[in-house]
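Trainee: Please take me slowly through one part of this model, beginning with a pairing between strands, and then show me what surrounds it in your reading.

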Amino acid sequence: MYKLLVRSLLFNFDPEKVHHFTFKMIKFLSRLPLFSSIFRSLYQVSDVKLEREVFGLTFKNPVGLAAGFDKDAKLFNELHDFGFGFIEIGTLTPKSQEGNPKKRLFRLKKDGAIINRMGFNNGGVEDAVHRLKKNKGVLIGGNIGKNKITPNESAVEDYKICFDALFDYVDYFVVNVSSPNTPNLRALQDKGPLTELLNTLQNKNQQKPLQKPILLKIAPDLTDEQLLDIIDIIKETKIAGVIATNTTISRDGLKSNDDLIREKGGLSGKPLTHRSTEVIRFLSENSNKAFPIVGVGGIHCVQDALEKLEAGASLIQLYTGFIYEGPRLVRDINKALLYK
């Protein structure tokens, strides 16, 4: 029904406008009597066998929603009704920002993909905190970044601000230095700056009575040498784990028309499936499974999810696959895991 009716209709319109329209519709429907119960009965799979203990947290199931979908923490309670075991909000920055000029979101239908150059558009961390105070028991990850106007040499301060503001309202943190849509942000993935940033956040974390897991989200475009550096950095900074991977700047093997392929931004969806799984396997094998990995990138079917888990992921996240395949994908993955 979703792919035949809902997706076919929505994909005729501008993707960013559709995103906001969909949010309003889900919010509206969830306020009607019984609709939340209907969503849960259709998509949630509840069984203790699906629970996962990862970096000290208990996940009701291992299928989460990746950052970027609910940037401003506006819909996490309602999205949880679609069967997700956890929701990652953000990327959030200290100050609100509009992001990059529109049009900045593009569907590559022939490739089952999306290109975005949103640019960390969000209402600012304090705005999100106001809504997170209304959390009804959803396990939340807080994805944090720096403002566009903040130079890299001052980036640590932006991450510290977000860390402090969100600390009481999220269950884990994700340090995003891998988005291709904020100028020079990926330079923070270099070993020196990244080690400094993560050590600073870990020091703040260790001053708290109860520490929160800190994860690092990495790009799929890193070389093997850079991935080995990531393993060393995690060992040195003792952060909890990695999210692999963010969107890619690669355009290899795409079938869509040249005008779409030339659009700047990060590519997500099916073209990323194989590479993100490669990165997961490389990190898992070369670290001797020393830390948990959250696998994300190109999960459009049950088999994609299983391959990432078999490659070494402890948890997985959906984004583009959720848009293309609908909430049934969450249910199908959890059912497959339950009866595997």
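Mentor: Let us begin with Ala113, whose bridge partner in strand E11 is Gly269, and keep in mind throughout that this is a predicted model. That pair belongs to a wider pairing, since strand E6, residues 113-116, is joined to E11 by 4 bridges, and E6 and E11 run antiparallel. If you now follow E11 along residues 266-269, you will find that Gly266 and Ser268 point one way, while Leu267 and Gly269 point the other way, and that all of these residues are buried. In a regular strand the side chains alternate between the two faces of the sheet.

With the strand in view, we can turn to a residue in a loop, namely Asp81, which has its place between helix H4 (76-80) and strand E4 (86-92). Asp81 counts as buried because its relative accessible area is 8%, and buried means under 20%. The side chain of Asp81 makes a polar contact of 3.4 Å with the side chain of Ser36, and another polar contact, of 3.2 Å, joins the side chains of Asp81 and Arg40. Leaving aside residues up to four places away in sequence, Asp81 touches Ser36, Phe39, Arg40, Tyr43 and Gln44.

Finally, consider the cysteines: Cys162 is buried, with a relative accessible area of 0%, whereas Cys301, at 32%, is partly exposed. A disulfide is a covalent bond between the sulfur atoms of two cysteines, and a search of the whole structure finds 0 disulfides.

Note on methods. Residues are numbered from 1 along each chain as its sequence is written. This is a predicted model: local features need pLDDT of at least 70, side-chain atom pairs count only at pLDDT 80 or more; totals for chains, interfaces and linings use all residues. Side-chain values use heavy atoms; hydrogens and water are left out. Buried means under 20% relative accessible area, exposed over 50%, partly exposed in between (1.4 Å probe, protein chains only). Helices (H or I, at least four residues) and strands (E, at least two) are DSSP runs, numbered from the N terminus. Two strands pair if DSSP finds at least two bridges between them. A disulfide is a pair of cysteine sulfur atoms within 2.5 Å. A polar contact is a pair of N or O atoms within 3.5 Å; within protein, one must be able to donate a hydrogen and the other to accept it, and residues adjacent in sequence count only if both atoms are side-chain atoms. Contact means heavy atoms within 4.5 Å.
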